[in-house]
Amino acid sequence: MAKEYKLSPERHEALKEELNYLKTVREKEVAELIKEARSFGDLSENSEYDEAKNEQGKLYSRIAEVEEILANCVLLEADEDDGKAIRIGSKVKVMDLECKEEECYQVVGSQEADPMNGRISEDSPFGKALVGRTVGDNIAVEAPAGTLHYAIVEIQR
């Protein structure tokens with residue numbers, strides 16, 4: 001069974017645009033690089049040709065990856081829910097109970113995760129601890145540095 005990818009409509013659209021760019025513009029650019037490198041002569045000692053072929057391999061790998069994601073994705077639409085429980089797409093303000101500092105995160109699908117910018121995957125330990133919780137709940141997250149404790153302060157859609 002293929003892995004299921006949870007995507008927001010915005011991420012889905014961005015991947016479709018990327019795939020279109022890769023298959024049209026980028027593929028032609030790489031083909032031109034290979035054509036140009038061939039013109040330099042002996043292919044056995046032609047580093048430009050080797051580099052262009054490597055670039056082609058990376059391109060086709062990325063195309064296959066994006067096609068796999070789009071073929072097996074589930075779009076996350078805005079649900080008609082009460083807005084009280086955390087789900088994918090929720091913006092969450094939590095209080096670190098040890099440091100007494102507030103932090104803001106957005107729970108996203110694994111393809112959109114960017115922890116350095118506050119976008120936490122729902123598949124991560126922190127994301128799993130958040131999903132389904134409501135304001136006022138305390139959560140414990142297992143981390144390499146030990147167990148971290150948070151209180152959920154605010155949830156936004």
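# Salt bridges, an open sheet and a pocket

E29 is partly exposed, with 33% of its relative accessible area (1.4 Å probe, protein chains only; under 20% is buried, over 50% exposed, and partly exposed lies in between). The model is predicted: local features need pLDDT of at least 70 and side-chain atom pairs 80 or more, while totals for chains, interfaces and linings use all residues. Residues are numbered from 1 along each chain as its sequence is written, and side-chain values use heavy atoms, without hydrogens or water.

## Salt bridges

The count comes to ten salt bridges (a Lys or Arg side-chain nitrogen within 4 Å of an Asp or Glu carboxyl oxygen). Three of the pairs are listed here with their N to O distances.

| Pair | Distance |
|---|---|
| E29 and R26 | 2.8 Å |
| E102 and K93 | 3.9 Å |
| K93 and E154 | 3.6 Å |

E29 and R26 both belong to helix α1, residues 9-38 (helices are DSSP runs of H or I with at least four residues, strands runs of E with at least two, numbered from the N terminus). They are three residues apart in α1, so about one helical turn separates them.

K93 takes part in two of the tabulated contacts, one with E102 and one with E154. The contact between K93 and E154 links distant parts of the chain: K93 lies in strand β3 and E154 in strand β7 (residues 146-156), 61 residues apart. These side chains are partly exposed, with relative accessible areas of 24% for K93, 44% for E102 and 29% for E154. Elsewhere, salt bridges link E18, R62 and E65 in a network.

## The sheet

Five strands make up an open sheet with mixed pairing (a pair needs at least two DSSP bridges), in the order β5-β4-β3-β7-β6. The edges are held by β5 and β6 (138-143), each of which has a single partner strand, so one side of each has no neighbour in the sheet. On average, neighbouring strands are turned by 45° against each other, direction ignored (axes are lines fitted to C-alpha atoms).

Strands β3 (residues 91-96) and β4 (residues 101-108) run antiparallel and are joined by six bridges. Along this pairing, V92 faces Y105 in β4, and M95 stands opposite E102 in β4. E102 is also the β4 residue whose side chain meets K93 in a salt bridge. The hairpin of β3 and β4 has four residues between its strands, and K100 there adopts a positive phi near 60°.

On its other pairing, β4 meets strand β5 (residues 119-121) in the parallel sense, over three bridges. In that pairing V108 stands opposite S121 in β5.

## The second largest pocket

The second largest pocket has a volume of about 170 Å³, the space filled by probe spheres set on its grid points. A pocket is an open set of points on a 1 Å grid where a 1.4 Å probe fits, with protein on both sides within 12 Å along at least five of seven lines; lining residues have an atom within 4 Å of a point.

Its lining consists of Y105, P115, I120, S121, S124, P125, F126, V141, E142, A143, L148 and Y150. At least two lining residues come from each of β5, α3 (125-130), β6 and β7, and β6 gives the largest share, three residues. By residue class, the lining has nine nonpolar residues, two polar and one charged (Asp, Glu, Lys and Arg are charged; Ala, Val, Leu, Ile, Met, Phe, Trp, Tyr, Cys and Pro nonpolar; the others polar). Two lining residues, Y105 and S121, also appear in the strand pairings: Y105 opposite V92 and S121 opposite V108.

Note on methods: Axes fitted to C-alpha atoms, helices over the stretch in contact; angles between N-to-C directions.
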